[in-house]
Amino acid sequence: MKKHGILNSDIARVLAQLGHTDSIVIADCGLPIPDHVERIDLALKLGQPSFVDTLQEILADMQVERAVFATECLAKNPTVAAQAQAMQSSGINIDFVSHEEFKQLCHKAKAVIRTGEASPYANIILQSGVIF
(Lines give C-alpha, C1' and ligand atoms only; values in the text may rest on other atoms or scores of the structure.)
Protein backbone atom coordinates (compact mmCIF):
# COMPACT_ATOMS: atom_id res chain seq x y z
CA MET A 1 0.00 0.00 0.00
CA LYS A 2 1.26 3.46 -0.91
CA LYS A 3 2.31 5.62 2.09
CA HIS A 4 2.83 9.10 0.64
CA GLY A 5 1.54 11.43 -2.03
CA ILE A 6 -1.63 10.98 -4.04
CA LEU A 7 -3.50 7.83 -2.99
CA ASN A 8 -6.10 8.00 -5.78
CA SER A 9 -4.77 5.47 -8.29
CA ASP A 10 -6.15 7.27 -11.36
CA ILE A 11 -4.58 10.60 -10.39
CA ALA A 12 -1.28 8.95 -9.45
CA ARG A 13 -1.19 7.17 -12.83
CA VAL A 14 -1.98 10.33 -14.82
CA LEU A 15 0.66 12.36 -12.98
CA ALA A 16 3.27 9.63 -13.50
CA GLN A 17 2.54 9.59 -17.24
CA LEU A 18 2.77 13.35 -17.81
CA GLY A 19 5.53 14.69 -20.00
CA HIS A 20 6.84 18.23 -20.29
CA THR A 21 4.02 20.65 -21.28
CA ASP A 22 1.25 18.04 -20.89
CA SER A 23 -1.68 19.39 -18.92
CA ILE A 24 -4.39 18.36 -16.50
CA VAL A 25 -7.44 20.26 -15.26
CA ILE A 26 -8.80 20.56 -11.75
CA ALA A 27 -12.46 21.49 -12.10
CA ASP A 28 -15.46 22.51 -10.07
CA CYS A 29 -18.49 20.25 -10.29
CA GLY A 30 -20.04 22.28 -13.12
CA LEU A 31 -17.30 22.49 -15.75
CA PRO A 32 -18.22 20.59 -18.93
CA ILE A 33 -15.70 17.84 -19.58
CA PRO A 34 -14.98 16.88 -23.22
CA ASP A 35 -16.01 13.31 -23.99
CA HIS A 36 -12.54 12.32 -25.24
CA VAL A 37 -10.69 13.57 -22.11
CA GLU A 38 -10.30 11.23 -19.15
CA ARG A 39 -12.62 12.17 -16.26
CA ILE A 40 -11.44 11.48 -12.71
CA ASP A 41 -14.51 12.22 -10.62
CA LEU A 42 -13.76 12.94 -6.96
CA ALA A 43 -17.04 14.74 -6.20
CA LEU A 44 -18.76 13.29 -3.13
CA LYS A 45 -21.22 16.09 -2.42
CA LEU A 46 -21.38 19.84 -2.98
CA GLY A 47 -18.16 21.33 -1.67
CA GLN A 48 -16.29 18.07 -1.11
CA PRO A 49 -13.57 17.72 -1.94
CA SER A 50 -12.88 21.41 -2.38
CA PHE A 51 -10.99 22.97 -5.27
CA VAL A 52 -8.32 24.36 -2.92
CA ASP A 53 -7.73 21.07 -1.07
CA THR A 54 -7.46 19.17 -4.34
CA LEU A 55 -5.14 21.77 -5.89
CA GLN A 56 -2.83 21.76 -2.86
CA GLU A 57 -2.46 17.97 -2.97
CA ILE A 58 -1.77 17.97 -6.72
CA LEU A 59 0.78 20.79 -6.40
CA ALA A 60 2.62 18.79 -3.74
CA ASP A 61 3.02 15.90 -6.20
CA MET A 62 3.34 17.58 -9.62
CA GLN A 63 6.00 19.83 -11.16
CA VAL A 64 3.99 22.73 -12.60
CA GLU A 65 5.51 25.39 -14.84
CA ARG A 66 2.34 27.17 -15.93
CA ALA A 67 -1.26 27.48 -14.80
CA VAL A 68 -4.30 28.89 -16.59
CA PHE A 69 -7.36 30.36 -14.91
CA ALA A 70 -10.53 31.92 -16.30
CA THR A 71 -10.30 35.72 -16.14
CA GLU A 72 -13.76 35.76 -14.59
CA CYS A 73 -12.38 34.29 -11.34
CA LEU A 74 -10.69 37.61 -10.58
CA ALA A 75 -14.07 39.32 -10.09
CA LYS A 76 -16.27 36.36 -9.11
CA ASN A 77 -14.12 34.10 -6.92
CA PRO A 78 -11.61 35.75 -4.55
CA THR A 79 -10.50 32.37 -3.16
CA VAL A 80 -9.44 31.15 -6.59
CA ALA A 81 -7.89 34.53 -7.43
CA ALA A 82 -5.83 34.26 -4.22
CA GLN A 83 -4.60 30.81 -5.31
CA ALA A 84 -3.46 32.30 -8.62
CA GLN A 85 -1.55 35.02 -6.77
CA ALA A 86 0.08 32.51 -4.40
CA MET A 87 1.12 30.28 -7.28
CA GLN A 88 2.60 33.21 -9.16
CA SER A 89 4.52 34.23 -6.03
CA SER A 90 5.97 30.71 -5.87
CA GLY A 91 7.36 31.03 -9.41
CA ILE A 92 4.64 29.41 -11.50
CA ASN A 93 3.72 31.31 -14.67
CA ILE A 94 0.04 32.30 -14.53
CA ASP A 95 -2.20 33.09 -17.49
CA PHE A 96 -5.81 34.24 -17.57
CA VAL A 97 -8.16 33.54 -20.49
CA SER A 98 -11.89 33.93 -20.96
CA HIS A 99 -14.03 31.12 -19.57
CA GLU A 100 -15.02 30.18 -23.12
CA GLU A 101 -11.36 29.89 -24.16
CA PHE A 102 -10.64 27.94 -20.96
CA LYS A 103 -13.27 25.36 -21.92
CA GLN A 104 -11.66 25.00 -25.35
CA LEU A 105 -8.20 24.50 -23.80
CA CYS A 106 -9.64 21.63 -21.73
CA HIS A 107 -9.86 19.60 -24.95
CA LYS A 108 -6.04 19.30 -24.90
CA ALA A 109 -5.81 18.04 -21.31
CA LYS A 110 -4.76 14.49 -20.46
CA ALA A 111 -7.39 14.37 -17.69
CA VAL A 112 -9.94 16.48 -15.84
CA ILE A 113 -10.15 15.98 -12.08
CA ARG A 114 -13.71 16.88 -11.07
CA THR A 115 -14.06 18.10 -7.49
CA GLY A 116 -17.18 18.83 -5.47
CA GLU A 117 -16.42 22.55 -5.56
CA ALA A 118 -19.57 24.62 -6.04
CA SER A 119 -18.23 28.15 -6.41
CA PRO A 120 -17.94 30.00 -9.73
CA TYR A 121 -14.87 29.66 -11.96
CA ALA A 122 -13.02 27.31 -9.58
CA ASN A 123 -11.06 25.68 -12.37
CA ILE A 124 -7.39 25.51 -13.32
CA ILE A 125 -5.27 24.03 -16.08
CA LEU A 126 -1.89 22.86 -14.82
CA GLN A 127 0.92 22.48 -17.35
CA SER A 128 3.64 20.02 -16.42
CA GLY A 129 7.20 21.19 -16.01
CA VAL A 130 10.36 19.13 -15.67
CA ILE A 131 12.19 18.19 -12.49
CA PHE A 132 15.70 18.55 -13.93
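Here are four short exercises, with worked solutions, on a predicted model.

**Exercise 1. Find where His20 sits and say whether His20 is buried, partly exposed or exposed.**

Step 1: Start from the annotation. An unreviewed UniProt entry places the feature "active site" at His20.

Step 2: Look at the chain around this residue. His20 belongs to the loop that joins helix 1 (9–17) to strand 1 (23–27).

Step 3: Classify the accessibility. The relative accessible area of His20 is 42%; buried would need under 20% and exposed over 50%, so His20 counts as partly exposed.

Step 4: List the partners. Once neighbours within four places in sequence are set aside, His20 is in contact with Glu65, Ser128, Gly129 and Val130.

**Exercise 2. Work out how the residues of the annotated "binding site" are arranged in space.**

Step 1: Collect the positions. The unreviewed UniProt entry gives this feature at Asp28, His99, Tyr121, Ala122 and Asn123.

Step 2: Weigh sequence against space. These residues are spread over 96 residues of sequence, yet they cluster, with a largest C-alpha distance of 12.9 Å.

**Exercise 3. Contrast Tyr121 with Asn123: which is buried and which is partly exposed?**

Step 1: Place both. Tyr121 lies in the loop between strand 5 (111–114) and strand 6 (124–128), and Asn123 is found in the loop between strand 5 and strand 6 too.

Step 2: Read the areas. Tyr121 has a relative accessible area of 23%, so Tyr121 is partly exposed. Asn123, at 3%, is buried.

Step 3: Check the contacts, leaving out residues up to four places away in sequence. Tyr121 touches residues including Asp28, Lys76 and His99. Among the residues that Asn123 touches are Asp28, Phe51, His99 and Phe102.

Step 4: Look for a polar pair. A polar atom of the Asn123 side chain lies 2.8 Å from the backbone nitrogen of Asp28.

**Exercise 4. Explain why the buried residues of helix 2 lie on the same side of helix 2.**

Step 1: Name the residues. In helix 2 (residues 51–61), the buried ones are Phe51, Thr54, Leu55 and Ile58.

Step 2: Use the arc. They cover only 100° around the axis, which means they sit on the same side of helix 2.

Step 3: Recall the helical repeat. With 3.6 residues a turn, residues three or four places apart in an α-helix point the same way.

Step 4: Inspect both faces. The buried residues pack against helix 1, strand 1, helix 4 (78–89), strand 5 and strand 6, while the face turned away carries the exposed residues Asp53 and Ala60.

Step 5: Finish at the N-terminal end. Ser50 caps helix 2 there, with a side-chain oxygen 3.0 Å from the backbone nitrogen of Asp53.

Key
Residues are numbered from 1 along each chain as its sequence is written. This is a predicted model: local features need pLDDT of at least 70, side-chain atom pairs count only at pLDDT 80 or more; totals for chains, interfaces and linings use all residues. Side-chain values use heavy atoms; hydrogens and water are left out. UniProt positions are given in the numbering used here, feature names are shortened, and annotations may be inferred rather than shown by experiment. Helices (H or I, at least four residues) and strands (E, at least two) are DSSP runs, numbered from the N terminus. Buried means under 20% relative accessible area, exposed over 50%, partly exposed in between (1.4 Å probe, protein chains only). Contact means heavy atoms within 4.5 Å. A polar contact is a pair of N or O atoms within 3.5 Å; within protein, one must be able to donate a hydrogen and the other to accept it, and residues adjacent in sequence count only if both atoms are side-chain atoms. The arc is that of the directions from the helix axis to the C-beta atoms.
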